[in-house]
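Here's a quick briefing to read with the structure open beside you. Take a look, then work through the points one topic at a time.

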Amino acid sequence: MVCQTPGIRHSVPMLKSSMSELERKRAELLTKLSGRIRSPETLRAMAAVPRERFVPPEQRSMAYLDIPLAIGEGQTISQPMMVAEMTAALRLSPRDKVLEVGCGSGYQAAVLAKAAPDGMVVTVERLPALAARAEATLLELDYRNVVVELAGPVPGCPEHGPYDAILVAAAAPAIPQSLLSQLRVGGRMTLPVGSREQQELLLVLKTGEGVSISALGPCRFVPLLGAEGFEG
């Protein structure tokens with residue numbers, strides 16, 4: 001005789017239903033992204049990263065909604081469309097060395113790592129608790145080409161530079177000159193610039209003569225704090 005507990009008997013079908021719902025939302029999000037993002041490499045990277053692993057457990061059912069989500073410490077994981085747009089604008093090559101300023105949950109770093117699979121991603125976070133959590137998640141998911149560093153006195157991570165591309169996931173009042181100095185000639189940087197309340201997403205191309213700047217549209221990010229950013 002086999003003894004069955006009622007709660008256990010129903011647990012497997014409930015889990016399957018939950019998983020299929022998450023997969024359905026994931027497919028819907030990827031369809032939405034493909035209607036706006038023209039970079040196949042970026043779309044493949046977005047498809048390869050399980051966003052539900054980078055959000056708090058209680059928010060995993062919302063992981064594939066196209067919205068930012070709180071991750072603790074007053075920070076958020078960016079809206080998937082914004083992650084895709086910023087990544088696509090960098091036009092990454094497989095061997096690029098990429099700097100991310102503002103690691104947060106580690107999700108954007110994971111997307112960058114998939115977009116530059118033979119390169120290196122250095123992601124910097126000022127909050128130790130978030131940095132530790134992101135590093136643990138990235139290691140669990142076997143992202144071996146990502147290095148998580150704690151933020152120093154200036155934006156970025158000069159000791160690993162120069163970089164082919166830089167993505168800044170926090171808003172600055174102006175383009176930080178220290179980040180420009182960490183960018184190779186020919187390198188690209190995407191970042192939000194403006195006030196604490198509203199910013200413009202910029203694409204910066206560093207040339208031998210200076211920089212070329214393109215506006216990509218309005219956005220809203222948490223502020224970059226400290227040197228070349230906002231006061232805390």
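What follows covers a sheet and two helices.

Keep in mind that you're looking at a predicted model. Seven strands make up an open sheet here, and helix 4 is largely enclosed by the rest of the structure.

**The sheet**
- If you walk across the sheet, the strands come in the order 5-4-3-6-7-8-9, and their pairing is mixed.
- Strand 5 (146-150) and strand 9 (211-219) are the edge strands, so to speak the two ends of your walk: each one pairs on one side only.
- Going from one strand to the next, the twist averages 15 degrees.
- As a bit of background, strands of a sheet pair through backbone hydrogen bonds, and that pairing can be parallel or antiparallel.

**Strands 4 and 5 up close**
- Strand 4 (residues 120-125) and strand 5 run parallel, and five bridges join them.
- To spot the pairing, find Val124, which stands opposite Glu149 in strand 5.

**Helix 4**
- Helix 4 spans residues 107-115, and eight of its nine residues are buried, so the rest of the structure largely encloses this helix.
- The buried ones are Tyr107, Gln108, Ala109, Ala110, Val111, Leu112, Ala113 and Ala115.

**Thr137 in helix 5**
- Look for Thr137 in helix 5, which covers residues 128-140.
- Is Thr137 buried or exposed? Its relative accessible area is 12%, so Thr137 counts as buried, because the cut-off for that is under 20%.
- Leaving aside residues up to four places away in sequence, Thr137 touches Arg53 and Phe54.

Conventions. Residues numbered from 1 in each chain as written. Predicted model: local features only at pLDDT ≥ 70, side-chain atom pairs only at ≥ 80, totals over all residues. Heavy atoms only, no water. Buried < 20%, exposed > 50% of the residue type's maximum accessible area, 1.4 Å probe, protein only. Helix = DSSP H or I, 4+ residues; strand = E, 2+ residues; numbered from the N terminus. Pairing = 2+ DSSP bridges. Axes fitted to C-alpha atoms, helices over the stretch in contact; angles between N-to-C directions. Contact = heavy atoms within 4.5 Å.
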